[in-house]
Each structure stands twice: as C-alpha cells, then as structure tokens.
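Q: Please take a close look at the aromatic pairs in this model. I should like to see how they are arranged and what surrounds them.

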Amino acid sequence: MNSFTYTEAADTTAATAQLAGNLHAQFIAGGTNLLDLMKENVARPNALIDINKIIGLDQISTLPGGGLRLGALARNADTAYNELVEQQYPLLSKAILAGASAQLRNMASNGGNLLQRTRCYYFYDVNTPCNKREPGSGCSAIGGYNRIHAILGASESCIAVFPSDMCNALAALEAVVNITGPAGERAIPFADFHRLPGDEPQFDNTLQHGELITSIDLPETGFNQNYAYLKLRDRTSYAFALVAVATGLELKDGVIAEARIVCGGLAHKPWRKKEAEDFLKSKTPSRENFETAAEMILEGAVGFKNNEFKIELARRAIIRNCLSAANFNK
Ligand code: SF4
C-alpha cells in the first residue's frame, strides 16, 4: 500500500477545498470499498480526507414539500431501518438489506453506496489489463472469464457491471443526488448520476473531482403498496447480484397507473427502460403484459461467453418480480 496523509474535514467547504486542490486525494466515509481497493493497490490516493465528522450529513429528515432527505453519511443499516423509509419506501429498505452483510451495512454510508466500484475480478487484479483501472491497457474480461459481466450497455472498452442494490431502488424511486463542490451546489437526477462505460470506463459517474455528495432526496411517491425486490446470486447472502430487479407499481381500478422497473447486475448503471414502463401504463398487471415489458427492457442484450445465461435469467426475474409487485402471488 502507498503512503498517504490523513485529515479530518470539519465542514463541506473545507472538505471540497482540500480535495479540489489535490487530484490524488479522496474522501473517505465508511471506507467499506475504498480500503479494499487500497489494500489491493487498485486505489492509490496520496491523501484521505475523512468526512465523517461533518455535522448534519448523517440525518434523515422530511422535506417541506413531501418526500425524504437521506444524508450522505447516514449508514445503510440506519437508512433501511428508519421508520419513515420502512413505511413510505419499503422498496428501498428491501434493496439495502439485500446488499452486502449486516456488518458492512452498519458501516457503509449512503453516499459511498453510490460511489462503490465494480467487482469485476480483473479490476481488482493489478497484474491484468483493465481499462477502468488503467485507461488504454485493454479489457481482460471481454476475452476472459465474464460470468458476472454486462449484457446491456457495454462497450468495446469495458463490460463491467455496477454492483449496488440500494441504487436500483433509488433509480426506481427517481431520487435526486445533491452535490456540493468548488463550483457550488447542484442536484443530479438519479438516472443521470451513473454512466455507461463508452470509451471512458474509468469514470463510473458524472461527479467532478472535488465534488461531494451531501444527500439524496426521495420524492413523495414511494410505491409502498405494490413493490418487490428480487436479487438472484450465487449465495443467499454477502454476494453481488447476477440479476436484480426493483419494481414499483401504482395500481388504480385494476390497471397500472405508473410502473418503475430497474435491473441491477446487467449493466454499468442501474438499467431502466422508459418505453417498457410507458407500455405498461393503463394495462392490466398480467403475465402477458409483463412478458412484453421484459422483452422491451432486454432489447439489444448481448451475452459474452460465460454470461449468456443472464439474458433468460433476467427475463424470468423481471416477469416474476413484476407479478410479485402486483401481488399476483398472494
Ligand atoms: Fe476492467 Fe471493465 Fe474490462 Fe473489467 S470489464 S477488466 S473493469 S475494463
């Protein structure tokens, strides 16, 4: 591991100023991913700026116009078990509790969950080429072992997937990410926060260097009547998703008024297809309609040698989870 300096930031202004002045500095909150990356020599910051003591960023509070603000430093476990989250956004609670382990959820921050890096094996192996770790070096996964990799939105540069469960629910809820940085404050709609790899897979998201996530806002609508989260993985706990699906439905008079379907484990970002959700509007929540939506979501899916099974697995998972959200299985 490289040597690095360690400082604690007292407020967001000091934190962002320290980071902005040093291209090789990084913020640290829970450290559940960053410390692993440092131990494996994948991340080599020369300075860590600890943001844990910034007052107020660990709060979960109601918003004046309805909705909920999740502090970036609130822990994943505290968020999942927060009474308001459980009542109004049970899809988010379920998704968070499907991720990692109890110990990691106790430590991991909400902001850090959004910023976690891919679990592609080659990304963690510094002896192999990886465009995400070292731009221009190549992608070992494309011709290598790629069972956990992307079937949607991949590029010739990178076929990695984004590993978060929490973010699938945040995408379904159309959360907004609040940022502060050297250029001031801004808010990013969740769909625009993570990005596809293109020819710059080293960038996972649209944050600029020096910017800090301060909170995540949830809108008033939480789909707390008809929702389901399904995570399919190799072990029943402490494993990343091969396929995950977050579904929220609003049903009125027996038809779908609003549908949100977000898939995890399939792409470089939570995967959402607006056309499929629009197709479901004013339709009955039937197997046939969910089958059509699943086909639309998976349109253009391409498997590599070891992950072709994901296409059919995802199709079945989407249909099953949508039926589950519509309470068809009760
Ligand atoms: Fe690196 Fe992406 Fe290829 Fe994995 S899939 S080896 S992260 S470039």
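A: In this predicted model, there are four aromatic pairs, where rings of Phe, Tyr and Trp (its six-membered ring) count as paired if their centres lie within 6.5 Å, with planes under 30 degrees apart called stacked, over 60 edge-to-face and the rest tilted. One of these pairs is edge-to-face and joins Tyr121 to Tyr122, with 6.0 Å from centre to centre and 75° between the planes. Tyr122 is buried at a relative accessible area of 17%, whereas Tyr121 is partly exposed at 32% (buried means under 20% relative accessible area, exposed over 50%, and partly exposed in between, using a 1.4 Å probe and protein chains only). Tyr121 also forms a stacked pair with Tyr145, and here the centres are 5.9 Å apart and the planes 20°. This second pair links distant parts of the chain, since Tyr121 belongs to helix H8 (residues 121-124) and Tyr145 to the loop between H8 and H9, 24 residues apart. (Helices, H or I of at least four residues, and strands, E of at least two, are DSSP runs numbered from the N terminus.) Tyr145 is partly exposed, with a relative accessible area of 41%. Together, Tyr121, Tyr122 and Tyr145 make up one aromatic cluster.

Two notes on reading the values follow. Residues are numbered from 1 along each chain as its sequence is written. Local features need pLDDT of at least 70 and side-chain atom pairs count only at pLDDT 80 or more, while totals for chains, interfaces and linings use all residues; side-chain values use heavy atoms, with hydrogens and water left out.

The surroundings of the cluster include His149, which lies in the loop between H8 and H9. His149 is buried, with a relative accessible area of 1%. Leaving aside residues up to four places away in sequence, His149 touches Tyr121, and its other contacts include Cys120, Ala141, Val161, Gly265, Asn307 and Lys310 (contact means heavy atoms within 4.5 Å).

Another aromatic ring, that of Phe279, has a charged partner: Lys283 lies over its face, at 4.2 Å from the ring centre. (A charge sits over a ring if NZ of Lys or CZ of Arg is within 6 Å of the ring centre and within 35 degrees of the ring normal.)

Attention may now turn to the nonpolar interior. The largest nonpolar core has 36 residues, of which Leu92, Leu114, Leu170 and Leu218 touch the most other members (such a core is a set of buried Ala, Val, Leu, Ile, Met, Phe, Trp, Tyr and Cys residues joined through side-chain atoms within 4.5 Å). Elements that each supply at least two residues of this core include helix H5 (90-98), helix H9 (166-172), strand E6 (176-181) and strand E8 (212-218). H9 contributes the most, namely six residues. For Leu114, the residues touched, not counting those up to four places away in sequence, include Phe162, Leu170, Phe190, Phe193 and Ile216. Apart from this core lies another, of 30 residues, among them Val245, Leu249, Cys263 and Ala293.

Strand E6 deserves a closer view. Five of the six residues of E6 are buried. E6 runs antiparallel to strand E7 (residues 184-189), and six bridges join them; two strands pair if DSSP finds at least two bridges between them. A hairpin of two residues joins E6 to E7, and Gly181 has Gly184 in E7 as its bridge partner. E6 also pairs with E8 in the antiparallel sense, over five bridges, and Thr180 has Leu212 in E8 as its bridge partner.

A further sheet completes the view. It is open, has four strands in the order E9-E10-E11-E12, and its pairing is antiparallel. Strand E9 (226-232) and strand E12 (271-272) stand at the edges with a single partner strand each, so one side of each has no neighbour in the sheet. H5 lies across E9 and E10 and runs at about 10° to E9 (axes are lines fitted to C-alpha atoms, for helices over the stretch in contact, and angles run from 0 to 180 degrees between N-to-C directions). E10 and strand E11 (residues 255-264) pair over nine bridges in the antiparallel sense, with Leu251 opposite Ile256 in E11. Helix H12 (residues 309-325) packs on the sheet, touching E9, E10 and E11, and its direction makes about 30° with that of E10.
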